[in-house]
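Me: I would like to go through this structure term by term, asking each time what justifies the word that is used. Please set the value beside the definition before you conclude.

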Amino acid sequence: REARLRRAESLASLTTLAAGVAHEIKNPLGSIGIHIQLIQRELQKHHSIDEETANKYLDVINEEVERLNGIVVDFLFAVRPMDTDLKKSDLNKVIQELVDFVKYEAEESGVQVETRLCSSLPKVELDEKYIKQAFMNIIKNGIAAMEEKGGTLTIATREDEGYVFTDISDTGVGISDEKVAKIFEPYYTTKEGGTGLGLAIVHRIVLDHGGEIDVQASPAGGARFVVSLRPEGPPPEAEASFADSAI
């Protein structure tokens, strides 16, 4: 029964992802088709096309091809098993490197970044490349939520009951309970031009580290993401379950 349930869940996830991919690729494919037709009309009408016009149409086609490639790359990243290389790492150091990287971008948006890092935090089994990608996605979402009016992005670490927690909170536009329930679903997005895979990938990375991620809406506005990790990394049975559930 458990095996059938896992297969049913995997099939449901695949159906959702496939529908999302189909939706995402329709617009760039339509744009490519239109600009190819424009080139064909020019050739039928004049039996030639001037270089400036041709380059204008071809530039759009190239942009849409790149967009399609990005959609496929993100899709494969979301569904393929990750080849994580977990090593004992200093989580505070990882976060400080991210803060140093984004602080100028944050300042341009009127956002102040504050850190409250626990000095006695134990080292955690991490793949720094992937965990940086996950935290960077959350941080950039927080900055984007405050770019109109500015605000404060706070990153804090703590240890509690054998887990290491990272809290990333912003004072932005906030998030409704309805959105909280769907925020980690593939292809669910509230951002214009967003793919809806960013937070789904964040969720996947955290799971592959044997951790959990939660998002909370603040009544006063803003959002708070909480990532919990085990210092010793995922237990062996968890690693197996992640592999079994991969599409």
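Me: What makes the reach of helix α3 close to the expected one?
Reply: Helix α3, residues 91-108, has 18 residues and reaches 26 Å from its first C-alpha to its last, close to the 26 Å expected at 1.5 Å a residue. The expected span is defined as 1.5 Å times one less than the number of residues in the helix. Helices here are DSSP runs of H or I with at least four residues, strands are runs of E with at least two, and both are numbered from the N terminus. The model is a predicted one, in which local features need pLDDT of at least 70 and side-chain atom pairs count only at pLDDT 80 or more, whereas totals for chains, interfaces and linings use all residues. Residues are numbered from 1 along each chain as its sequence is written, and side-chain values use heavy atoms, with hydrogens and water left out.

Me: Where is the kink in α3 centred, and how is such a bend defined?
Reply: The kink is centred on Val102 and amounts to about 45 degrees. The bend at a residue is the angle between two axes, one fitted to the seven residues ending there and the other to the seven starting there.

Me: Which residues of α3 are called buried, and what covers them?
Reply: Buried stands for under 20% relative accessible area, exposed for over 50%, and partly exposed for what lies in between, with a 1.4 Å probe and protein chains only. In α3 the buried residues are Leu91, Asn92, Val94, Ile95, Leu98, Val99, Val102 and Ala106. Their cover includes the strands β1 (87-89), β2 (111-116), β3 (124-126), β4 (151-160) and β5 (163-170), together with the helix α4 (128-146).

Me: What caps the N-terminal end of α3, and what follows the helix?
Reply: Asp90 is the cap, with a side-chain oxygen 3.1 Å from the backbone nitrogen of Asn92. A polar contact is a pair of N or O atoms within 3.5 Å; within protein, one must be able to donate a hydrogen and the other to accept it, and residues adjacent in sequence count only if both atoms are side-chain atoms. After α3 comes Gly110, whose phi is positive, near 75 degrees.

Me: How is the packing of α4 against α6 described, and which residues meet?
Reply: Two packed helices are described by the angle between their axes and the distance between the axes. For α4 and helix α6, residues 198-208, the angle is about 140 degrees and the axes are 9 Å apart. Axes are lines fitted to C-alpha atoms, for helices over the stretch in contact, and angles run from 0 to 180 degrees between N-to-C directions. From α4, Tyr130, Ile131, Gln133, Ala134, Asn137, Ile138 and Asn141 meet Gly198, Leu199, Ile201, Val202 and Ile205 of α6, where contact means heavy atoms within 4.5 Å.

Me: Why is α6 said to be largely enclosed by the rest of the structure?
Reply: Eight of the eleven residues of α6 are buried, and therefore the helix is largely enclosed. These are Leu199, Ala200, Ile201, Val202, Arg204, Ile205, Val206 and Asp208. Gly210 follows α6 with a positive phi, near 70 degrees.

Me: Why does Glu212 count as exposed or buried, and what does it touch?
Reply: Glu212 counts as exposed because its relative accessibility is 58%. Glu212 is found in strand β6, residues 212-217, and, leaving aside neighbours within four places in sequence, is in contact with Val206, Val226, Val227 and Ser228. The C-alpha atoms of Glu212 and Val226 are separated by 8.2 Å, although the two residues are 14 apart along the chain.

Me: Why does Leu229 count as buried or exposed, and which residues are in contact with it?
Reply: Leu229 counts as buried because its relative accessibility is 2%. Leu229 is found in strand β7, residues 223-229, and its contacts, apart from neighbours within four places in sequence, are Val124, Leu126, Ile131, Tyr163, Val164, His209 and Gly211.

Me: What is the sign of phi in His47, and why is this residue called buried or exposed?
Reply: Phi of His47 is positive, about 60 degrees, although the residue is not a glycine. His47 is found in the loop between α1 (2-46) and α2 (51-79), and is called exposed because its relative accessible area is 71%.
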